[in-house]
Amino acid sequence: MPILNPDEILRYLNAKGFLSSAEIELVNSRWSIDKDGPLLQYLGREKLLPEEVVEDLITLIGNNQLEGLEPQLPGLILLNMIGRGGRGSVYRAWQPSLRRVVAVKILSKALSNNREYIQRFLREARVASKVQHRNIVRAFDINKKGPNV
């Protein structure tokens, strides 16, 4: 397990878009290991990061996966696989540009070469982007990495 000191953790969180420079300054002025305990847990308690992101970051840092899980996708840091099925996997991810947690569905490799399924997947994503209902997850983006979706 890599041992990162608090300054290294804060630099990492700033570089990856988890915390702004102003938030880093705030943490540096307020946080104390003796008074507040471990840094990442403090960030969750103070609502500077969502609790689930804190837990995922602890795991990623402990596993020396500072770039996030594979596959690496532009504009996202995959934090944790939250589901897997026959058609693909769903990840909790961090979107630094909007500083929010998002869900990302990645097609299974077996289906990524199936043009018919890809077309159905794209059609479903476009429909999901238009639906607004409290029990339906809304799609915000469709992206490709390489020749497959």
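Let's start at one pair of residues: Gly-88 stands opposite Leu-107 in strand 3. Keep in mind as we go that this is a predicted model. From that pair we can walk along the two strands involved. Strand 2 and strand 3 pair in the antiparallel sense, and eight bridges hold that pairing. Further along, Val-90 faces Lys-105 of strand 3, and Ala-93 sits opposite Val-102 of strand 3. So much for one flank of strand 2.

On the other flank we meet strand 1. Strands 1 and 2 also run antiparallel, joined by six bridges. If you want a landmark here, look for Met-81, which stands opposite Tyr-91 in strand 2. Put the two pairings together and you have an open sheet of three strands, ordered 1-2-3, with antiparallel pairing. Strand 1 (77-84) and strand 3 (100-107) are at the edges with a single partner strand each, so each has one side without a neighbour in the sheet. Ignoring direction, neighbouring strands of this sheet are turned against each other by 30° on average.

How do the strands connect? Strand 1 and strand 2 make a hairpin with three residues between them. Strand 2 and strand 3 make a hairpin too, with four residues between them.

That second turn deserves a closer look. Arg-99 lies in this loop between strand 2 and strand 3, and its phi is positive, about 50°, although Arg-99 is not a glycine. With a relative accessible area of 35%, Arg-99 is partly exposed. Pro-96 is in the loop between strand 2 and strand 3 as well. Pro-96 counts as partly exposed because its relative accessibility is 26%, above the 20% under which a residue would be called buried. Setting aside residues up to four places away in sequence, Pro-96 touches Lys-16, Gly-17, Gly-75, Leu-76 and Ile-77. Leu-78 is 18 residues from Pro-96 in sequence, and the two are 11 Å apart in space, C-alpha to C-alpha.

Back to the middle of the sheet. Is strand 2 largely enclosed or largely open? Seven of its eight residues are buried, so strand 2 is largely enclosed by the rest of the structure. Part of the surroundings is helix 5 (residues 51-62), which lies across strand 1, strand 2 and strand 3 and runs at about 105° to strand 1.

Arg-92 is a handy residue for tying these pieces together. Arg-92 is found in strand 2 (residues 88-95). Despite being an arginine, Arg-92 counts as buried, because its relative accessibility is 18% and the cut-off for buried is under 20%. What does Arg-92 contact, beyond its neighbours within four places in sequence? The list is Glu-52, Asp-56, Ile-77, Leu-78, Leu-79, Asn-80, Ile-82, Val-101 and Val-102.

Next, follow the chain between helix 5 and strand 1, where the loop has a couple of backbone features worth a stop. Asn-64 is in this loop, and Asn-64 has a phi near 55°, a positive value in a residue other than glycine. Asn-64 is exposed, with a relative accessible area of 54%. Pro-71 is in the loop between helix 5 and strand 1 too. The peptide bond that joins Glu-70 and Pro-71 is cis, with omega about 0°.

Finally, let's visit the helices at the start of the chain. Helix 1 (residues 6-15) and helix 2 (residues 21-30) pack at an angle of about 160°, and their axes are 10 Å apart. The two helices are therefore roughly antiparallel to each other, and their crossing is right-handed. Which residues make the contact? Helix 1 contributes Asp-7, Leu-10 and Asn-14, while helix 2 contributes Ser-21, Ile-24, Val-27 and Asn-28. Sorted by class, this contact of helix 1 with helix 2 has three nonpolar, three polar and one charged residues.

How values were computed
Residues numbered from 1 in each chain as written. Predicted model: local features only at pLDDT ≥ 70, side-chain atom pairs only at ≥ 80, totals over all residues. Heavy atoms only, no water. Buried < 20%, exposed > 50% of the residue type's maximum accessible area, 1.4 Å probe, protein only. Contact = heavy atoms within 4.5 Å. Pairing = 2+ DSSP bridges. Axes fitted to C-alpha atoms, helices over the stretch in contact; angles between N-to-C directions. Parallel < 35°, antiparallel > 145°, perpendicular 65-115°, else oblique. Left-handed = near helix turned anticlockwise from the far one by under 90°. Nonpolar A, V, L, I, M, F, W, Y, C, P; charged D, E, K, R; others polar.
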